[in-house]
Amino acid sequence: VVKVLEPVEKVHRNAGGDIEFYSVTNEGDVYHWLRALTNLENPMPHAQMMMVDIPDGGAYNVSDAKEVNEKCATEFINIFVREGGLSGSSWVNIGYGSYV
């Protein structure tokens, strides 16, 4: 998944984008924190993409894509950028977390 996202991140950065890209495995503190924050109880049998908008109070959206590839990752980012973030967007999976 990381190798698939590297060119997407490069294109996004070269275009002046400010989205940070991270990958998380099914272990460790960040994995458990993200699952708790987004109320995702069980991991899917495939990789998942998630957008977390920390400056927007922890708004998040989990992609419903069944695979992570360059096309779906680019579209996921483009929707976020086009709609100006997660707050007030038309994304249906939006939720809010707590960073306390």
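Start in the middle of the fold: twelve residues, namely Leu5, Val8, Ile19, Met49, Met51, Ala65, Val68, Cys72, Ala73, Phe76, Ile77 and Phe80, make up the largest nonpolar core. Helices α1 and α3 (70-82) each put at least two residues into this core. The largest share, five residues, comes from α3. Keep in mind that you're looking at a predicted model.

Now step back for the overall layout. The chain has three helices and three strands, and reading along the sequence you meet them as α-α-β-β-α-β. Of the 100 residues in the chain, 30% are buried. If you take the contacts between residues at least 6 apart in sequence, 49% of them join residues at least 24 apart.

Let's walk in from the start of the chain, with α1. This helix has 13 residues and spans 18 Å from its first C-alpha to its last, close to the 18 Å expected at 1.5 Å a residue. Its buried residues are Leu5, Val8 and His12. Look down the axis of α1 and those buried residues fall within an arc of 60°, so they line one face of the helix. What do they pack against? The buried residues of α1 pack against α3. Go around to the other side of α1 and you'll find Lys3, Lys10, Val11 and Asn14 exposed.

His12 deserves a pause. Is His12 buried or exposed? Its relative accessibility is 12%, and since anything under 20% counts as buried, His12 is buried. Set aside its neighbours within four places in sequence, and His12 is in contact with Gly17, Asp18, Ile19, Phe21, Ile77 and Val81. Two of the names on that contact list, Ile19 and Ile77, also appear in the nonpolar core. Just past the helix, α1 is followed by Gly16, which has a positive phi, near 90°.

Next comes α2, covering residues 28-38, where Tyr31, Leu34, Arg35, Leu37 and Thr38 are buried. Viewed down the axis of α2, the buried residues fall within an arc of 165°, so here too they line one face of the helix. Which strands meet that side? The buried residues of α2 pack against β1 (50-53) and β2 (59-62). On the face turned away from the buried side, α2 carries the exposed residues Asp29 and Ala36. After α2 comes Asn39, and its phi is positive, near 55°.

That brings us to the two strands. β1 and β2 pair in the antiparallel sense, over four bridges. If you want a landmark for the pairing, Val52 stands opposite Tyr60 in β2. β1 has a covered face, made of Met51 and Asp53, and an uncovered one, made of Met50 and Val52. Over in β2, Ala59 and Asn61 point one way while Tyr60 and Val62 point the other way, and all are buried.

From here the chain runs through the loop between β2 and α3, and two polar residues in it are worth a look. One of them, Ser63, sits in that loop. With a relative accessibility of 12%, Ser63 counts as buried. A polar atom of the Ser63 side chain lies 3.0 Å from the backbone nitrogen of Ala65. Leaving out its neighbours within four places in sequence, Ser63 is in contact with Met49 and Phe76, both of which are listed in the nonpolar core.

The other is Asn69, also in the loop between β2 and α3. Asn69 is partly exposed, with a relative accessible area of 24%. Which backbone nitrogens does the Asn69 side chain approach? The side chain of Asn69 reaches the backbone nitrogen of Lys71 at 3.1 Å, and a polar atom of that side chain lies 2.8 Å from the backbone nitrogen of Cys72. Asn69 also takes us back to the start of the chain: Lys3 is 66 residues away in sequence, but the two are 9.7 Å apart in space, C-alpha to C-alpha. Lys3 is one of the exposed residues of α1, and the buried residues of α1 pack against α3, which brings the tour back to the helix that supplies the largest share of the core.

Terms used: Residues numbered from 1 in each chain as written. Predicted model: local features only at pLDDT ≥ 70, side-chain atom pairs only at ≥ 80, totals over all residues. Heavy atoms only, no water. Buried < 20%, exposed > 50% of the residue type's maximum accessible area, 1.4 Å probe, protein only. Contact = heavy atoms within 4.5 Å. Core = buried A, V, L, I, M, F, W, Y, C linked by side-chain atoms within 4.5 Å. Arc of directions from axis to C-beta. Polar contact = N/O pair within 3.5 Å; in protein donor to acceptor, adjacent residues only side chain to side chain. Expected span 1.5 Å × (residues − 1). Pairing = 2+ DSSP bridges.
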